[in-house]
Every structure is written in C-alpha cells, then in structure tokens.
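Here are some exercises to work through with the structure open in your viewer. Try each task before you read its solution.

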Amino acid sequence: MRALVISDIHSNLGAFEAVLADAGEFDRVICLGDVVGYGPDPEECVSLLRELPNLTCIMGNHDAAVLDIISTTHFNHEARKALNLQKSLMTKSSLDFLSELPEKLLLDGITLAHGSPRDPIWEYVDQGGIAWAAFEYFESQGSLVGHTHTPAIFIESADFKVRLLKPESGDRWIPQERFILNPGAVGQPRDRDPRAAYVIWDLEENSFLFKRVPYDVSAVAKRIEERGIPSIQARRLNLGR
Ligand code: ZN
C-alpha cells in the first residue's frame with residue numbers, strides 16, 4: 001500500500017499536476033490542508049483532489065479562512081486579497097467539501113494535522129522546542145503536518161532532545177522513534193527550492209520517500225497575473241520562499 005502525502009497545494013494546479021504525474025502508482029492520498037489560498041486555481045485544485053482515490057484531507061488555515069471559519073486579520077494583505085478573490089472562483093460544492101474537513105485525525109496509526117498536533121490550524125512546527133511540546137498532544141508513533149512549507153522530520157530522542165532532519169529529494173526514511181514529519185509544500189515551497197514537494201509513505205515498509213519535482217513556474221505566474229492576484233505570489237514561487 002502506497003500513500004501519496006501532500007500538503008499546501010495553495011491553488012497551484014501546475015504544481016499539483018506535476019506531483020500527480022511524478023508520483024507513480026498510489027492507493028490512497030493524504031492531504032494535510034491548505035488546498036486553497038495564494039494561487040490562481042482554487043476550484044480546479046479542489047476538484048482534482050476530490051477525484052483522487054481513498055482521499056483523506058484535513059483543514060488548513062487558508063481553507064478555514066476562505067470559509068470565514070477563522071478571521072483573516074492574521075493574514076498579510078496579499079494573502080487576504082487572494083482569499084477574497086478565491087471565494088468568488090469556487091463552487092458551492094467545493095466550499096462545502098472544505099467545510100467538512102476535520103482539523104485533526106488519527107489514520108492508520110498516524111496523527112494528521114495541518115499545523116501541529118497541539119494547535120492543528122495555526123501552530124508552526126519549525127523548531128525543536130515546539131516539536132517537543134507537540135509530542136505531548138498525540139499518542140501515535142508519528143504525526144504528519146504541513147503549514148511551514150518546508151520538508152522536515154522532528155525525532156523525539158531518549159535524551160529529552162529533538163533531532164531535526166532536513167530530507168532532500170530521493171531520501172527514504174524509516175522511523176524508529178516517535179516523529180513529526182512534514183512533506184513540504186506542493187504549491188508554494190519556502191526552502192528556496194521552487195520544485196513541488198511530496199512524500200510517498202509505503203505502509204508495508206513503513207518508509208517515507210521524499211520527492212521534489214519541477215513544474216512550469218512561469219505558466220503559473222502568468223495565471224496569477226491573469227487573475228489579478230498580487231505579483232508577489234508569482235515572485236515567491238520563483239524564489240521558493
Ligand atoms: Zn500553507
């Protein structure tokens with residue numbers, strides 16, 4: 001059984017299609033939230049996601065914001081502008097789909113959250129201290145999170161420390177200790193590598209394979225311009241940050 005693990009598609013259809021074309025065969029899909037926000041094609045991304053086999057998806061802060069579940073006052077001006085536009089581009093069916101997503105879920109012995117197991121919508125697990133605190137908030141061996149847009153593995157070690165691995169494309173990792181794993185972002189990477197990021201979880205081997213795949217960033221930048229989304233979103237995709 002192979003699960004495609006993706007997060008933070010952020011309305012970037014070009015990146016999403018590149019990931020699906022690169023991933024090969026998979027039996028199920030785990031999406032860690034932020035399907036919408038920032039990019040030009042929210043409706044197309046939600047529709048494509050819903051067609052995938054055995055989908056489990058959880059809610060991200062941008063998904064919640066587009067639904068008005070959470071206030072957008074914490075979002076920067078550009079992100080807010082993009083969200084208002086996105087709502088106008090989406091069908092009721094897609095908005096209903098987003099509104100039914102859970103915030104946190106235990107699936108096949110692994111805890112899913114967009115931000116962190118402690119604060120599923122908002123918290124960024126981007127340093128050891130935060131990971132250490134978050135380990136208290138789930139019982140399973142591992143947790144999969146998104147939100148930082150950066151591939152990472154935080155490992156709980158016996159000496160009360162947290163080890164951080166920064167996996168590169170092609171790295172395969174098999175957990176021994178408890179862990180919090182982030183596959184990186186499909187649609188807006190922030191580790192200065194513009195390639196779309198994803199993970200293949202092999203449930204028999206219990207291994208996690210990290211992958212990066214290039215896509216046509218300039219075509220997505222053009223779509224961003226056509227939609228009237230602030231050009232900073234296109235610049236970010238080029239820079240991978
Ligand atoms: Zn995000």
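**Exercise 1. The enclosed space**

What volume does the largest cavity have? Once you have that, list what lines the cavity and sort the lining by class.

*Solution.* Keep in mind that this is a predicted model.

Step 1: The volume of the largest cavity comes to about 40 Å³. With a threshold of 30 Å³ or more, the count is one cavity.

Step 2: Look around the walls. You'll find His 10, Asn 12, Tyr 38, Gly 39, Gly 187, Gln 188, Ile 224, Gln 233 and Leu 237.

Step 3: Sort them by class. Six are polar, three are nonpolar and none is charged; glycine goes with the polar residues in this scheme.

**Exercise 2. The zinc site**

Find the protein donors of the zinc ion and work out what kind of arrangement they make.

*Solution.* Step 1: Pick out the donor atoms. Asp 8 and Asp 34 each donate through OD, while His 10 and His 149 each use NE2. The distances to the zinc ion run from 2.1 to 2.3 Å.

Step 2: Check the angles. A tetrahedral site would need all of them between 85 and 135 degrees. Here the four donor atoms subtend 84 to 176 degrees around the zinc ion, so the arrangement is irregular.

Step 3: Write down the spacing of the donor residues in sequence: D-x1-H-x23-D-x114-H. His 10 sits in the loop between β1 (2-6) and α1 (13-22), and Asp 34 in the loop between β2 (28-31) and α2 (42-50), so this pair ties together parts that are 24 residues apart in sequence.

Step 4: Check exposure. His 10 and Asp 34 are both buried.

**Exercise 3. Two residues with positive phi**

Take Ser 11 and Asp 34. Where does each sit, and is each buried or exposed?

*Solution.* Step 1: Recall the background. Most residues other than glycine have a negative phi.

Step 2: Start with Ser 11. This residue is not a glycine, yet its phi is positive, near 60 degrees. Ser 11 belongs to the loop between β1 and α1, and it is buried, at 0% relative accessible area.

Step 3: Move on to Asp 34. Its phi is also positive, about 60 degrees, again in a residue that is not a glycine. Asp 34 lies in the loop between β2 and α2. With a relative accessibility of 1%, Asp 34 counts as buried, and it is also one of the zinc donors.

**Exercise 4. The open pockets**

Describe the largest pocket and the second largest pocket: volume, lining and classes.

*Solution.* Step 1: The largest pocket holds about 390 Å³ of space. Its lining has 22 residues, and the closest to its centre are Thr 150, Pro 151, Ala 152, Lys 166 and Asp 191.

Step 2: Ask which strands contribute. β7 (152-156), β11 (196-202) and β12 (207-213) each give at least two lining residues, with β12 supplying the largest share, three.

Step 3: Sort that lining by class: 11 nonpolar, eight charged and three polar.

Step 4: Now the second largest pocket, at about 170 Å³. Of its 15 lining residues, Tyr 38, Asn 61, His 62, Tyr 124 and Arg 190 lie nearest the centre. The classes here are seven polar, five nonpolar and three charged. Tyr 38 also turns up in the lining of the largest cavity.

**Exercise 5. Strands and their partners**

Trace the six-stranded sheet, then follow the pairing of β10.

*Solution.* Step 1: The open sheet runs β3-β2-β1-β11-β12-β9, with mixed pairing. Its edges are β3 (55-57) and β9 (172-173), each of which pairs on one side only.

Step 2: Zoom in on one edge. β2 and β3 are parallel, with three bridges, and Cys 31 stands opposite Cys 57 in β3.

Step 3: Cross to β11, which contains Asp 202. Buried means under 20% relative accessible area, so Asp 202, at 17%, is buried. The C-alpha atoms of Asp 202 and Ala 3 are 6.4 Å apart, though 199 residues separate the two along the chain.

Step 4: Go to β10 (residues 179-182). Phe 179 and Leu 181 point one way, Ile 180 and Asn 182 the other, and all are buried. β6 (residues 142-144) runs parallel to β10 through three bridges, with Leu 144 partnered by Leu 181. β7 pairs antiparallel with β10 over four bridges, and there Phe 154 has Ile 180 as its bridge partner.

Note on methods. Residues numbered from 1 in each chain as written. Predicted model: local features only at pLDDT ≥ 70, side-chain atom pairs only at ≥ 80, totals over all residues. Heavy atoms only, no water. Donors = N, O, S within 2.8 Å, 3.2 Å for Na, K, Ca; no water. Tetrahedral: all angles 85-135°; square planar, octahedral: opposite > 155°, others 65-115°. Buried < 20%, exposed > 50% of the residue type's maximum accessible area, 1.4 Å probe, protein only. 1 Å grid on protein atoms, 1.4 Å probe; cavity = no way out; pocket = protein on both sides within 12 Å on 5 of 7 lines; lining within 4 Å. Points joined across faces, edges and corners; volume = space filled by probe spheres on them. Pairing = 2+ DSSP bridges.
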